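Morning, everyone. I'd like to walk you through one structure today, so let me put it up on the screen.

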Amino acid sequence: MPINQNLEAMAKQFYDYWFVQFDFPNEEGKPYKSSGGKMVWNEKLKRNIPVGWHCGNLFEIAVFTNGLACQKFRPKDDEESLPVIKIREMHDGISDDTEEVTSNIPESVKVYNGDVLFSWSASLEVMLWAYGLGGLNQHIFKVTSANDFPKSFYYFQLLDYIDVFKKVAEARKTTMGHITQDHLQQSTIAIPDNKDIAVRFEELISPIFEQVVKLHEEISYLIKQRDELLPLLMNGQVSVNILIYRLFLTRCAAKLLFIYTWAYSHMTFNNYIMRYRIIRKRFLRIVCECCGHEFYAESSVNCCPECERHWNED
């Protein structure tokens, strides 16, 4: 879905500015690092981070709740049911082939639009769910806030760490990625001591997240309209004129939604760029050839800053 991909890419750029480049607004409203904000070397992260930040793990910012073995919780004849959310549903949404689970499952494994899901087995992916209420199957984590960190912060921290998890799976020489609680515990990320930075980021990003979910809902509705109208046309139950009229209305609605979303998202992004005079940089995740640790740099280099210092000292 190109519209949503553009919105998510835009939100990711905001995240990179604030939490990779560390150009979040300082007390004067200027980009922190680019304006000379004080940085300190962190040995665990093998990189410089702002003063007042520390090295933590994903458990410090998020709670990971695994889904159920839903085949053990099939609905009885008199029970309401929910669609089962598996990895297939993460990709394609709810379909007629989607399995069902009883609605009498713990609230912790019920999934609502806007919830963050992380598939930790087979394919390693992170997404904002937007296909309606469902029950979470095993092999998928529902990710929620820990220590009051906002959704946008833990979503992008986890999304950014997926590449590390994929390397872990590759190192185990398995064709199926498999991330455990130990891997989450061993993760290393830069976390601000003051959550105000993450809260300010949430205020900027949450409208974009809301639009992403809204667009998913609208697209699902349009697909449903298509699937309902085409069989009626094939069976002669509606005329071509009625079909064209209804399709015209739905296409107009989709076009208006696209124009609104495009205008809103670009206005938000451009205002941010103009307000904070952000310098666009592309930071790369690089593995040091000397010590093997990962670090970030603006261009491809061979050794991390710590190893370079040792070489210079020698």
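Let's begin with one of the sheets. It's an open sheet of four strands, the order is β6-β5-β11-β7, and the pairing is mixed. At the edges you'll find β6, residues 100-102, and β7, residues 110-111, and each of those pairs on one side only. Before I go on, please keep in mind that this is a predicted model.

Staying with that sheet for a moment: β5, which covers residues 81-85, runs antiparallel to β6, with three bridges between the two. If you want a pair to look for on screen, find L82, which stands opposite V101 in β6.

Okay, let me zoom out. For the protein chain as a whole we get seven helices and 16 strands. There are 314 residues, and 45% of them are buried. The chain exposes about 17,200 Å², and 52% of that comes from carbon and sulfur atoms. What about contacts along the chain? Taking those with a separation of 6 or more, 67% are between residues 24 or more positions apart.

Now for the other sheet I want to show you. This one is open too, with four strands in the order β4-β12-β8-β10, and here the pairing is antiparallel. Which strands stand at its edges? They are β4, at 62-66, and β10, at 125-128; each has a single partner strand, so one side of each has no neighbour in the sheet. On average, neighbouring strands here are turned by 30° against each other, if you ignore direction.

The partner of β4 is β12, residues 140-145, and those two pair in the antiparallel sense over five bridges. Within that pairing, F64 sits opposite V143 in β12.

F64 is worth a longer look. Which residues does F64 contact, leaving aside neighbours within four places in sequence? The list is L58, F59, F118, F141, K142, V143, L158, Q181 and L184. Some of those names come back in the largest nonpolar core, which has 52 residues: L58, I61, F64, F118, V143 and F165 are the members that touch the most others. There's another core apart from that one, with 17 residues, and its members include C70, L82, I87 and M127. You've met L82 already, as the residue opposite V101. As general background, nonpolar side chains in soluble globular proteins tend to be buried together.

Next, I189. You'll find I189 in strand β14, residues 189-192. Is I189 buried or exposed? Its relative accessibility is 4%, and the cut-off for buried is under 20%, so I189 counts as buried. Along the chain, I189 and N57 are 132 residues apart, yet their C-alpha atoms are separated by 5.6 Å. Not counting residues up to four places away in sequence, I189 touches L45, H54, C55, G56, N57, L58, I61, Q157 and Y161. L58 and I61 are both names from the big core list a minute ago.

Let's move to the hairpin. β1 and β2 form it, with four residues between them, and K46 in the turn has a positive phi of about 60°. β2 is residues 47-50, and it pairs with β1 in the antiparallel sense over four bridges. One pair to look for is M39 with its bridge partner P50 in β2.

N42 is also in this region, in β1, which spans residues 39-42. N42 has a relative accessibility of 15%, so it counts as buried. A polar atom of the N42 side chain lies 2.9 Å from the backbone nitrogen of L45. Beyond four places in sequence, N42 touches R47, I49 and C55. H54 is 12 residues away from N42 along the chain, and their C-alpha atoms are 7.9 Å apart.

Last stop: backbone angles. Most residues other than glycine have a negative phi. With that in mind, take F22, which isn't a glycine but has a positive phi of about 60°. F22 lies in the loop between α1, residues 2-19, and β1, and it's buried, with a relative accessible area of 0%. H139 is another non-glycine with a positive phi, about 80° in this case. H139 is in the loop between β11, residues 134-136, and β12. At 33% relative accessibility, H139 counts as partly exposed.

That's my tour, thanks for listening.

Conventions
Residues numbered from 1 in each chain as written. Predicted model: local features only at pLDDT ≥ 70, side-chain atom pairs only at ≥ 80, totals over all residues. Heavy atoms only, no water. Pairing = 2+ DSSP bridges. Axes fitted to C-alpha atoms, helices over the stretch in contact; angles between N-to-C directions. Buried < 20%, exposed > 50% of the residue type's maximum accessible area, 1.4 Å probe, protein only. Contact = heavy atoms within 4.5 Å. Areas by Shrake-Rupley, 256 points an atom, 1.4 Å probe, with all protein chains shown as cover. Core = buried A, V, L, I, M, F, W, Y, C linked by side-chain atoms within 4.5 Å. Polar contact = N/O pair within 3.5 Å; in protein donor to acceptor, adjacent residues only side chain to side chain.
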